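The exercises below deal with enclosed spaces and with the contact between two chains. Work through each one with the structure in view, then read the solution.

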2 protein chains.
Amino acid sequence: MRRAITGFSNPTVKLLRSLREKKHRKREGLFLAEGLRLLTDARDMGRLPQTLVMAQGRDAHPLLDELEAAVDANGGEIIETTDDILAKITGKDNPQAVCGVFAEFDTSLAGVDRHAAPLWLVAQAMRDPGNLGTMLRTADAVGAGGLILIDDCVDPFSVEAVRASMGAIFTQHLVQTRWEEFLPWLRDGRGGQLVAASLREAVPYRGAPYARPCFVMVGNESRGLPEDYELACDLRVTMPMKGRADSLNAAVAGAVLAYEVLACLEG
Amino acid sequence: MRRAITGFSNPTVKLLRSLREKKHRKREGLFLAEGLRLLTDARDMGRLPQTLVMAQGRDAHPLLDELEAAVDANGGEIIETTDDILAKITGKDNPQAVCGVFAEFDTSLAGVDRHAAPLWLVAQAMRDPGNLGTMLRTADAVGAGGLILIDDCVDPFSVEAVRASMGAIFTQHLVQTRWEEFLPWLRDGRGGQLVAASLREAVPYRGAPYARPCFVMVGNESRGLPEDYELACDLRVTMPMKGRADSLNAAVAGAVLAYEVLACLEG
């Protein structure tokens with residue numbers, strides 16, 4: 001189905017705008033992703049938006065034509081609208097010329113085959129959507145199986161997190177769980193090494209005895225990991241801190257560690 | 001000098017609020033930093049705010065008392081105000097109980113002694129204040145001499161960049177320059193290796209022949225580095241990209257590379 005919408009008060013526009021808030025995303029089971037590249041990545045992964053929203057004044061692009069045809073063939077809805085309305089929907093002053101509405105995925109731990117990848121990233125109580133999206137992007141780059149979110153993390157389906165993931169939200173396995181569920185799952189006898197950066201009885205992170213499947217865990221941006229989480233790790237590693245600070249940005253720490261794990265597992 | 005301000009329309013409050021905008025920061029030559037930890041780091045580095053703004057309902061803290069005494073002894077101004085006004089000044093719903101107004105530093109290339117540190121970070125046209133602050137924080141952690149900003153970067157004195165730097169804005173040498181100035185400076189015969197991640201005639205980043213002083217350069221978040229900048233590098237390295245994406249978040253790429261350089265230079 002195809003239609004044009006030019007009024008801000010149109011109920012569909014209101015619905016799409018509401019998806020910028022978590023409570024509305026949860027109620028509808030939907031989220032927004034913007035940009036031709038993200039949507040093309042999603043399509044390549046077999047994920048098509050239910051609704052495709054395009055700017056009337058967009059430039060023509062063969063990938064956009066393909067996307068449009070695929071959504072149409074799949075029974076999805078195609079909406080053409082003004083730049084202003086698109087900006088309102090995405091909350092961005094200069095929106096990309098297209099955005100899509102997707103059904104949220106199953107993010108349960110049950111679907112994870114831990115042996116499908118050499119490493120996994122784990123984030124505990126991560127609060128910043130940019131950091132969360134960046135972790136997804138890093139997970140993609142290091143060939144991780146996915147990102148496992150523990151405890152009260154920011155919503156991975158927020159527009160900001162999806163944007164920062166640069167499409168990795170569609171390529172990475174994404175799990176939302178809690179420590180009380182994650183730890184028993186990890187210890188169920190099927191293997192898995194839990195690793196975190198720590199100052200407690202830790203070994204240098206460089207060349208540490210990482211083992212597959214390796215779960216690289218980082219903690220909350222302000223508080224770091226709870227002590228009992230650190231103590232439950234199979235391996236605690238330290239990273240050089242040459243300056244005044246005793247910590248790195250959480251997404252940076254996770255990435256430096258993940259690249260080291262990758263090099264050691266492959267080396 | 002010490003005074004209490006409780007009105008939003010007070011001219012000092014208006015001035016402080018205006019510092020959230022770049023044009024006002026440049027006009028006044030001032031910037032804002034918030035939080036006791038940041039301000040204590042600044043003091044330890046010999047930098048005191050001209051004005052210290054404290055919430056009336058703050059909890060007592062010995063470090064805050066010391067800071068207050070130091071600002072007072074230095075002839076600075078101390079303002080007590082409401083939580084609401086502090087929130088307006090910092091633009092944060094839950095502001096920390098204290099913020100300071102600092103004079104902007106000299107950020108010219110002339111002041112850099114390249115041999116003072118084994119490595120330096122370089123960011124070209126970096127647009128995201130969170131990324132810029134994170135780069136400063138990483139520079140501190142790896143023991144870099146500082147962060148050199150090339151071309152049109154976001155203002156490093158923005159509240160968001162200062163916040164993300166976690167105090168490293170006070171500990172790291174910060175330079176704002178342009179490529180046309182930076183490259184001749186680097187090639188003036190005093191040494192310095194320029195390194196960037198690249199796909200062009202590059203060697204694996206792991207264990208590459210890094211040399212002191214090593215300048216690790218990352219490009220703009222969307223476009224990466226211009227081709228001629230890459231070609232001007234002494235060393236181009238590749239990082240594994242196992243997934244669909246061909247790049248990392250700029251601050252993440254810089255950090256992974258900087259930690260590798262550090263390990264190789266020390267190893």
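A cavity is a set of grid points where a 1.4 Å probe fits but cannot get out, and its lining residues have an atom within 4 Å of a point. The model used here is predicted.

**Exercise 1.** Find which residues line the second largest cavity, and sort them by class.

Solution.
- Step 1. The volume of the second largest cavity is about 50 Å³.
- Step 2. From chain A, the lining takes Asp41(A), Arg137(A), Asp140(A), Ser165(A), Met166(A), Gly167(A), Ala168(A) and Thr171(A). Chain B adds Arg244(B) and Ala245(B).
- Step 3. Two helices of chain A, H6 (129-141) and H8 (168-171), each give at least two residues to this lining.
- Step 4. Sorted by class, the lining of the second largest cavity has three nonpolar, three polar and four charged residues.

**Exercise 2.** State how many cavities of 30 Å³ or more the structure holds, and describe the largest cavity.

Solution.
- Step 1. There are two cavities of 30 Å³ or more.
- Step 2. The largest cavity encloses about 60 Å³ of space.
- Step 3. Its lining consists of Tyr205, Arg206, Val256, Tyr259 and Glu260 from chain A, along with Tyr205, Arg206, Val256, Tyr259 and Glu260 from chain B.
- Step 4. The elements giving two or more residues to this lining are helix H11 (250-266) of chain A and helix H11 (250-266) of chain B.
- Step 5. Six residues of the lining are nonpolar, four are charged and none is polar.

**Exercise 3.** Describe the contact between chain A and chain B by its residues and its buried area.

Solution.
- Step 1. Chain A brings 34 residues to the contact and chain B brings 35.
- Step 2. The size of an interface is often given as the accessible area lost when the parts come together.
- Step 3. Here, about 2900 Å² is buried between the two chains, with 52% of it on carbon and sulfur atoms.
- Step 4. Within chain A, the residues that lose the most area to chain B are Arg137(A), Arg244(A) and Tyr259(A), which together make up 24% of what that side buries.

**Exercise 4.** Count the salt bridges and polar contacts between the chains, then describe the side of chain A that touches chain B.

Solution.
- Step 1. The count of salt bridges between chain A and chain B is 10.
- Step 2. In one salt bridge, Arg206(B) pairs with Glu260(A), and their closest N and O atoms are 2.7 Å apart.
- Step 3. Polar contact joins 24 residue pairs between the chains, both residues being at pLDDT 80 or more.
- Step 4. On the chain A side, helix H3 (36-44), H6 and H11 each supply at least two residues. H11(A) gives the most, with 10 residues.
- Step 5. By class, this side has 16 nonpolar, seven polar and 11 charged residues.

Technical notes
Residues numbered from 1 in each chain as written. Chains lettered and ligands numbered in written order. Predicted model: local features only at pLDDT ≥ 70, side-chain atom pairs only at ≥ 80, totals over all residues. Heavy atoms only, no water. 1 Å grid on protein atoms, 1.4 Å probe; cavity = no way out; pocket = protein on both sides within 12 Å on 5 of 7 lines; lining within 4 Å. Points joined across faces, edges and corners; volume = space filled by probe spheres on them. Helix = DSSP H or I, 4+ residues; strand = E, 2+ residues; numbered from the N terminus. Nonpolar A, V, L, I, M, F, W, Y, C, P; charged D, E, K, R; others polar. Contact = heavy atoms within 4.5 Å. Buried area = accessible area lost by both parts, 1.4 Å probe. Salt bridge = Lys/Arg side-chain N within 4 Å of Asp/Glu carboxyl O. Polar contact = N/O pair within 3.5 Å; in protein donor to acceptor, adjacent residues only side chain to side chain.
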